[in-house]
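Hi,

Here is the structure I promised to pass on. Have a look, and then read my notes underneath.

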Amino acid sequence: MSTTNRKFVIAYIVLVGLPLLGMVAALRSGRHLTAPISVDGTWKIEANLTSIGNRSCANQVSSVLSSPLVISQSGPNLVVSSSSAKTSSGTIDGTNLQFPLVPAADSGCGNGQTITLAAVLDSKSDADTFAGHLTGTDCASCAPIEFHAIKQRKPRAAGAH
Amino acid sequence: MPNLFTLTFQLAVVLAVCRLVGELFRLIHQPKVVGEMFAGIMLGPSLLGWIAPHASAYLFPPTSLGFLSALSQVGVVVFMFLVGLGINPGELKKEGHSAVLTSHVSITAPFVLASALALFLYPRVSDSSVTFTNFALFMGAAMSITAFPVLARILSERNLLGSRLGTVAIACAAVDDVTGWCILAYIVVLVRAEHSSRTIWMTIIGLAIFGVVMIYVVRPLLRGFMRIYTKKGELSENLLALMILLVLASALMTEYLGIHLLFGAFLMGAIMPKGPRFVRYVLDRFETITITLLLPLFFAFTGLRTNIGLVKGSEMWMYCGLIILVATAGKLGGSTIAAWVTGMPIREAAGLGTLMNTRGLMELVILNIGLDIGVISPALFSMMVIMALVTTFMTTPVLKLICPEAMLNAPSESTVRPSSPTNVLPSESQVA
């Protein structure tokens with residue numbers, strides 16, 4: 001083998017072979033990492049709204065729950081949008097998720113009033129459901145409203161199977 | 001049925017904004033395609049949707065996006081065929097050890113750094129629906145890609161296509177693109193196999209058979225196109241239609257086999273005959289409508305999916321900065337070191353590294369696939385789009401700084417130049 005070829009082989013091993021080993025090591029060590037549970041997708045929220053009765057802000061709750069919530073997830077950070085609520089941000093920590101919901105239109109409850117959604121994921125069902133309670137802010141007389149949410153199937157993206 | 005008024009209005013606005021911003025970018029010595037990429041972002045929620053949400057909702061109602069997406073995908077299918085047609089990995093052989101080592105290092109260096117970065121990012125920007133291996137491999141593929149068409153554009157604008165720097169860069173970019181797309185195909189197969197009734201082995205065997213048929217059966221038949229072109233000096237409309245039919249058939253086959261339409265289109269281009277005049281002739285037939293009309297739609301569609309508002313807070317911007325740093329260190333740093341080790345002067349080697357760091361449009365294509373198959377989140381998609389814009393934008397000024405034109409070699413006889421400033425891909429040989 002000529003000197004040039006020998007140098008090339010050494011350079012190839014150092015600059016290509018070693019990084020490849022490094023990549024394999026990174027892939028192996030990363031297998032043990034866990035990422036936040038996936039809640040990305042569209043969720044239909046179901047709550048027993050008859051229990052609210054004529055309580056103040058009943059309209060607010062029903063208007064927010066009238067259309068499905070679309071959760072867009074990036075790690076523990078959630079962006080929640082819906083045609084009946086303003087886009088808001090939330091978080092997921094373990095199986096607990098929490099985010100505010102602000103009605104898109106005035107529901108007769110005053111501007112800026114929010115409902116806080118706090119829920120626990122059902123980890124046994126591959127995070128296809130979660131349940132929790134809705135609490136109105138600035139509404140001392142409002143008891144938390146229980147609800148459960150079911151994940152809806154996503155339509156297939158263009159070019160996807 | 002699409003609302004034709006909305007669709008036509010969208011086409012007009014996208015076309016006008018892309019041309020305008022493209023021309024503005026030319027004034028600051030950037031390739032027009034970089035301006036068009038920025039124009040797409042401007043039309044999305046990051047700018048138009050932010051400052052004029054009602055105008056944005058009127059112009060791009062959610063119900064219209066499916067048609068815009070379909071049209072832009074058709075454009076990208078034809079574009080990927082043209083990219084495959086334009087590349088010629090055989091060029092690498094002519095460039096010897098330097099190009100072989102540089103091209104391989106420019107893939108492995110970003111890959112290993114991206115894998116290390118994935119260890120940090122996976123728990124922070126991903127979720128349990130994506131495995132770490134898929135996430136890390138995708139990050140590696142996305143960071144190791146080089147935008148062959150933009151690179152060719154920059155080289156031609158700086159009159160460098162015939163220089164040693166230009167020829168090595170083009171050869172390395174070709175190898176990088178082929179390798180990057182093979183790795184991406186593997187990732188798509190892995191991800192889709194998780195949600196498909198078809199086993200991964202059936203997909204792999206199917207793809208292997210398809211690849212063998214394409215290379216050993218279809219490729220020799222495709223030489224007929226070049227024979228007719230050489231004999232008559234042109235191809236009839238029927239033959240051009242047949243060529244497009246073959247591209248579509250190949251694209252449909254790869255989609256059916258479980259990867260993506262774009263791989264089939266790219267492969268059909270890659271196995272086409274590589275005679276410079278023939279390649280230029282075919283590019284001229286298809287480039288104008290694709291680059292002038294359909295690609296701006298893809299930029300707009302990508303811009304509509306990019307929401308820089310999702311990159312919130314100092315922490316997220318730190319991730320974004322880290323992504324740009326790692327992508328640049330891997331691609332620019334890796335290529336520079338490899339070229340320097342094989343005997344290229346350090347400034348020229350750094351110039352080569354800078355060119356290899358150009359990601360441009362190819363990066364956007366890959367990122368859209370990643371978002372479609374759910375390997376990356378919308379926020380990470382936005383960060384990666386920012387990385388693609390930054391690394392592409394920085395190429396021209398950094399190259400000027402590192403390699404003043406006077407220090408580079410004069411063009412050689414085998415120079416391949418664009419025939420018009422609108423072309424993104426390299427054009428006909430100037431062999432006299």
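To start with one helix: which residues in α10(B) are buried? They are B:T203, B:F210 and B:F225. Bear in mind throughout that this is a predicted model.

Those buried residues of α10(B) pack against two other helices of chain B, α9 (164-194) and α11 (237-257). As for its geometry, α10 covers residues 200-232 of chain B, 33 residues in total. From first C-alpha to last it reaches 46 Å, close to the 48 Å expected at 1.5 Å a residue. There is a bend of about 45 degrees at B:V218, with a proline, B:P220, following within four residues. Just after the helix, B:G233 has a positive phi of about 80 degrees.

Now the interface. Chain A puts 32 residues into the contact and chain B puts in 42. On the chain A side, α1 (3-30), β2 (69-74) and β3 (77-82) each supply at least two residues, and α1(A) has the largest share with 13 residues. Sorted by class, that side of chain A has 18 nonpolar, 12 polar and two charged residues.

On confidence, the model scores ipTM 0.83 and pTM 0.84. Chain B has a mean pLDDT of 85, with 90% of its residues at 70 or more. Among its elements, helix α14 (residues 313-341) has the highest mean pLDDT, 94, and helix α8 (residues 148-157) the lowest, 77. One stretch to watch is residues 410-432 of chain B, where pLDDT is below 50, although the model gives this stretch 53 contacts beyond near neighbours in sequence. Where pLDDT is low, predicted coordinates shouldn't be read in detail.

Cheers

How values were computed. Residues numbered from 1 in each chain as written. Chains lettered and ligands numbered in written order. Predicted model: local features only at pLDDT ≥ 70, side-chain atom pairs only at ≥ 80, totals over all residues. Contact = placed C-beta atoms within 7 Å. Nonpolar A, V, L, I, M, F, W, Y, C, P; charged D, E, K, R; others polar. Expected span 1.5 Å × (residues − 1). Bend = angle between axes of the 7 residues up to and from the residue. Buried ≥ 20, exposed ≤ 12 C-beta atoms within 10 Å, placed from the backbone. pLDDT = per-residue confidence, 0-100.
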